[in-house]
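Open your viewer and get ready to click along. We will begin with one side chain, visit a few more stops, and then zoom out to the whole protein.

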Amino acid sequence: MTMPIYPQLEISETLAAGPGPGNTDARVLAAFSRAGMADHMQDDVLRGMVECKHMLRRLWGTQNTHTFAVAGTGWSGLDMMFSAVMPGDTVVAFVNGTFSGIDAKTLNIKAATALEHAANPLNPQAASVTIIEIPHGQSISGEAIETALATHKPKWAFMAHWETGSGRINDLQGFSDACARHGTMGLIDAVSSLGVEEFAIDDFPGVAGWASCPQKGLCCLPLTYAPVSFTDAYIEALKTRGAYSYVHNPIFEARHWGIVNGQDVDKGSYHRTHSAYAVSAFHESLRLALQDGLAKRAHSYRTHEAVLREALTAMGCEVTSNMTSLVVLNLPPALAGREMELVQNCRAQGFGIWPTLSEPVQVRIGILNLLDRGVITKIVHLFADAMRDLGAEVDDASITTILDTRYGTSVAA
């Protein structure tokens, strides 16, 4: 059988206006491409890794020495964070969307005993794991967290800081406070908040483990490095009890980054064939985030999201999210049930918006690394055209008035 030789793959440009991956910064792409002559053990690459861990600590606002990154996407970082959860461990996991739901499934896999795995190998149901379901479109409140932890007294508690599946910000302060009160070690999915919102993880001492990703708020490439950070208490738990992982064991991986026994050392001592390209790109994304300043970035996200939200509401949409990098909405009643059709029409034209990935079906429009009046205006008009194509009536004059007014008073052109 003769195998055809395919033509060179050409991927057309997309306006990535979804929940992530976001639009990679052009300067990050340039840093990635110019690292091609470097061996992964070249001195500049190793120096870049040292600088990355120090920049990441500064960006995340922490003194945790065990702050570094794991090769991969956010899933790799989350898997590393969950590696401390052992079979039979008591866990309370809060779920209010698609991705916290997947995280909860991972925790079931980690905490399940051998018998529980045998009973349901692909979806074990660990008796020691309690899932607290919060309705889609609602945030997880401090009251709900306090009630659950007071009732169950778990060893571990988990929550997503920003749940991208439903576009909701959850109560991080309430989570940390409740974990501290009840002697619980908190684990946080910060995949969607790092680099978008201004916060310092050392302000939340009830949280023992954090995991994020490179491809959202950091405007880096997927499959580069996923940031993680662990407190001394988390690392001590690993030293005492071990972890069901070799590749994603935080203590081993920390050695790759030159962190041994809680101290920075001159050379890494755990072998990982890392990528000079990835180190260069990750370094540039961290450098740019610090150069911009988190306060400035967070303000830009809040401002542009507010303009987009108001324009979409003027088209008759109901916005149900409260994130600043993502708008989740219901279409006007006349278009109800046609969400997937609208999204597919948009994507066919290079306008990359997304539906929700679990019920109820909604539309998600993201603005990751799209903090510009011109781009937001383009998104608004592309979405208006898409609604019009499905038969909706859209008042262009009112939308233009909103854009001109809001950008004239709150954001520089």
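## First stop: E146

Select E146, which is partly exposed, with a relative accessible area of 24%. This is a predicted model, so keep that in mind as you look around. E146 belongs to helix α6, which covers residues 142-152. Which residues does E146 contact, once its neighbours within four places in sequence are left aside? They are A178, R181 and H182. Try drawing a distance line from E146 to R181: their C-alpha atoms are separated by 9.0 Å, while the two residues are 35 apart along the chain.

## Second stop: helix α3

Now select residues 74-82, which form helix α3. Is this helix mostly covered or mostly open? It is mostly covered, with seven of its nine residues buried. Colour these buried residues to see them together: G74, S76, G77, L78, M80, M81 and F82. While you look at a helix, here is a handy rule: an α-helix has 3.6 residues a turn, so residues three or four places apart point the same way.

## Third stop: P214

Keep G74 in view and add P214, because the two are in contact. P214 sits in the loop between β8 (207-211) and β9. P214 has a relative accessibility of 0%, so it counts as buried. What surrounds it? Leaving aside neighbours within four places in sequence, the contacts of P214 include G72, T73 and G74, and also C219, C220, L221 and P222. T224, Y225, A226 and P227 complete the list of contacts. For a longer ruler line, join the C-alpha atoms of P214 and T303: they are separated by 23 Å, and the residues are 89 apart along the chain.

## Fourth stop: T231

Follow the chain to T231, in the loop between β9 (224-230) and α8 (232-241). T231 has a relative accessible area of 17%, and it counts as buried because the cut-off is under 20%. Show its contacts beyond four places in sequence: N64, V207 and A208.

## Fifth stop: S325

Next, select S325, in the loop between β12 (318-319) and β13 (326-330). Is S325 buried or exposed? It is buried, at 5% relative accessibility. Not counting residues up to four places away in sequence, S325 touches W162, V196 and Y301, along with I365, G366, I367 and L368.

## Sixth stop: the cysteines

Show C317, which is buried with a relative accessible area of 5%. Where is the cysteine sulfur closest to that of C317? It is in C346, 11 Å away, which is too far for a bond. A disulfide needs two cysteine sulfur atoms within 2.5 Å, so this pair does not qualify. A search of the whole structure finds zero disulfides. C179 is another cysteine to click on: it is buried, with a relative accessible area of 1%.

## Zoom out

Finally, show the whole protein as a cartoon. How many helices and strands are there? There are 14 helices and 15 strands. The C-alpha atoms fill a box of roughly 65 × 60 × 55 Å along the principal axes. The radius of gyration is 22 Å, which agrees with the value near 22 Å for a compact globule of 413 residues. Of these 413 residues, 54% count as buried. Switch on the surface too: the accessible surface comes to about 17,900 Å², and 54% of it belongs to carbon and sulfur atoms.

Technical notes: Residues numbered from 1 in each chain as written. Predicted model: local features only at pLDDT ≥ 70, side-chain atom pairs only at ≥ 80, totals over all residues. Heavy atoms only, no water. Buried < 20%, exposed > 50% of the residue type's maximum accessible area, 1.4 Å probe, protein only. Helix = DSSP H or I, 4+ residues; strand = E, 2+ residues; numbered from the N terminus. Rg over C-alpha atoms; globule rule 2.2 N^0.38 Å. Areas by Shrake-Rupley, 256 points an atom, 1.4 Å probe, with all protein chains shown as cover. Contact = heavy atoms within 4.5 Å.
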